[in-house]
Amino acid sequence: TATAHLINSFHTPQGAKLAKKQVRVLGKFFSFSFLWSFFQWFFTGGENCGFSNFPTFGLKAYQYKFYFDFSATYVGVGMICPYIINISVLLGGILSWGIMWPLIETKKGDWFPADVEPSSMHGLQAYKVFIAVAIILGDGLYNFCKVLSRTLSGLFVQLRGSTSRRSFTVQEEDPHASPQTPKESYDDQRRTRFFLKDQIPTWFAVGGYIIISATSTAILPHMFHQLRWYYILVIYICAPVLAFCNAYGAGLTDWSLASTYGKLAIFTIGAWAGSEHGGMLAGLAACGVMMNIVSTASDLTQDFKTGYLTLSSPKSMFVSQVIGTAMGCVVSPCVFLLFYKAFDDLGIPNSEYPAPFATVYRSMAKLGVEGVASLPRECLVLCYAFFGVAILVNIVKDSLPSKFGRFVPLP
């Protein structure tokens, strides 16, 4: 909606002036950010050196990640995000790095071996990763249920509304009709007429999905031998329902829960495959398949909404999407190979590009296959506790009146 209004504003005399002003401000702050990063570069003699990691609170606090970061990116992201997001991140940082990890570290030799590497999943890293995963799952599960209930109630209201509209159409000449009945504006009528006139045929959509699912089922097992063809087939059979829920939910809340569905695929396919048949890799590959289907559904719906508001043709938008996806099939692997060749330690913890989500998803796949016996002592108890806390915080936030609920931090 925001994108559509921005595009529409370019095509009015007032919008053109506003657009020029926006571009000037963009250029000004881009130049400032670029020059500041260039200045910082001169003072970076190696890892954790210079302005990027400045030990404001002393070297002991610096070991627990309390330092001043001069990155302009965080300033920009902080300006865009609501206050509650910034406060939640700050509070989470203080609770975890300031209280929890130092306390758990004192249990070295008791809860977990004292001689393990800091990045080992049998040491402190396991508590960091799995407690974080428990909070993500608790928060995601609660919001998944909330979005699903909103989706179902929204569909129910829409179905009731369409029934009442049909009965109203039959009786539209009734002189006793209520003047309170909302009328669609001329702009909305025009947009709907224009959008439906050039819609994509159902046979094309269904046929395309069947062809893509057949292609994936045939090709992916050759790329990932642990991912059996029937795993992919089951994913493609279940995915349309989940994709619909995600697309409709994202339309209501502007929040895509694709990663939650991906985690669901990790656990189900990983457990189905088992450790003897490469369940970890099968679960991670299945997660990629599921996330691509489900996230594409919500992304396409958002783009079609933009097209609807800007009087664009759905067919031309879809062709643009296909061209963009084809370009992505070439550009994305090239960018990945560029990083892969340039950095020998890509994806390794404590490197310049540690890929933290990769660690989280790999740990989930490991947990799904091996079970909870491989975790260090009391880790699972803490995971259960924080899983419950994440749900409880959300319940408290939603049950309080909005003037108080907006002060409750996000898990």
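So, Leu311: at 30% relative accessibility, this residue counts as partly exposed, because buried would need a value under 20% and exposed a value over 50%. Please keep in mind as we go that this is a predicted model. Leu311 sits in the loop between helix 11, residues 279–309, and helix 12, residues 314–342. What is the phi of Leu311? It is near 60°, a positive value in a residue other than glycine. As background, most residues other than glycine have a negative phi.

There's another residue of that kind on my list, Ala355. Its phi is near 50°, again positive and again not a glycine. You'll find Ala355 in the loop between helix 12 and helix 13. Is Ala355 buried or partly exposed? With a relative accessible area of 36%, Ala355 counts as partly exposed, since that value falls between the 20% and 50% cut-offs.

Okay, let me zoom out to the whole chain. How many helices and strands does the chain have? There are 15 helices and zero strands. The chain runs to 411 residues, and 27% of them count as buried. Along its principal axes, the C-alpha trace spans about 85 × 55 × 50 Å. The exposed surface of the chain comes to about 27,100 Å², with carbon and sulfur atoms supplying 69% of that. And if you take contacts between residues at least 6 apart in sequence, 65% of them join residues at least 24 apart.

Now for the inside. In soluble globular proteins, nonpolar side chains tend to be buried together. Here, the largest nonpolar core has 24 residues, and Ile104, Tyr127 and Phe130 are the ones with the most contacts inside it. Which helices each supply at least two residues of this core? Those are helix 5 (83–105), helix 6, helix 13 (356–370) and helix 14 (379–399). Helix 6 gives the largest share, with eight residues.

Have a look at Tyr127 on your screens. Leaving out its neighbours within four places in sequence, Tyr127 has a list of contacts that includes Trp101, Ile104, Trp111, Phe112, Pro376 and Leu382. Arg377 and Glu378 are among the contacts of Tyr127 too.

Then there's a second, separate core, this one with 23 residues, including Tyr236, Tyr261, Ala285 and Val289.

Back to helix 6 for a moment, and Ile131, which lies in that helix. Ile131 has a relative accessible area of 3%, so it counts as buried, the cut-off being under 20%. Where does Ile131 make its contacts? Not counting residues up to four places away, Ile131 touches Met100, Trp101, Ala126, Leu382, Cys383 and Phe386. Take Leu382 from that list: Ile131 and Leu382 are 251 residues apart along the chain, yet their C-alpha atoms are separated by 6.8 Å.

Here's a pair of examples on sequence separation. Ala286 is in helix 11, and Ala286 and Lys305 are 19 residues apart in sequence and 29 Å apart in space, C-alpha to C-alpha. Ala214 is in helix 8, residues 202–223, and its partner in this example is Leu233, 19 residues along in sequence and 8.2 Å away in space, again C-alpha to C-alpha.

As for accessibility, Ala286 is buried, because its relative accessible area of 0% is under the 20% limit. Past its sequence neighbours, Ala286 is in contact with Leu227, Ile235, Ala265 and Ile269. Ala214, with a relative accessible area of 43%, is partly exposed.

Last stop, the cavities. How many cavities of 30 Å³ or more are there? Two. The largest holds about 50 Å³ of space. Its lining is Met121, His122, Phe130, Lys366, Leu367, Ser374 and Leu375, which divides into four nonpolar, two polar and one charged. Phe130 we've already met, as one of the residues with the most contacts inside the largest core.

The second largest cavity holds about 30 Å³. Phe144, Val147, Leu148, Thr151, Cys245, Leu257 and Tyr261 line this one. By type, that's six nonpolar, one polar and no charged. Which helix gives the most to this lining? Helix 6, residues 124–170, with four residues. And Tyr261 in that lining is also a member of the second core.

Note on methods:
Residues are numbered from 1 along each chain as its sequence is written. This is a predicted model: local features need pLDDT of at least 70, side-chain atom pairs count only at pLDDT 80 or more; totals for chains, interfaces and linings use all residues. Side-chain values use heavy atoms; hydrogens and water are left out. On a 1 Å grid over the protein atoms alone, a cavity is a set of points where a 1.4 Å probe fits but cannot get out, and a pocket is an open set with protein on both sides within 12 Å along at least five of seven lines; lining residues have an atom within 4 Å of a point. Grid points are joined across faces, edges and corners, and a volume is the space filled by probe spheres set on the points. Ala, Val, Leu, Ile, Met, Phe, Trp, Tyr, Cys and Pro count as nonpolar, Asp, Glu, Lys and Arg as charged, and the others, Gly among them, as polar. A nonpolar core is a set of buried Ala, Val, Leu, Ile, Met, Phe, Trp, Tyr and Cys residues joined through side-chain atoms within 4.5 Å. Buried means under 20% relative accessible area, exposed over 50%, partly exposed in between (1.4 Å probe, protein chains only). Contact means heavy atoms within 4.5 Å. Accessible areas come from the Shrake-Rupley method with a 1.4 Å probe; for residues, only the protein chains shown count as cover.
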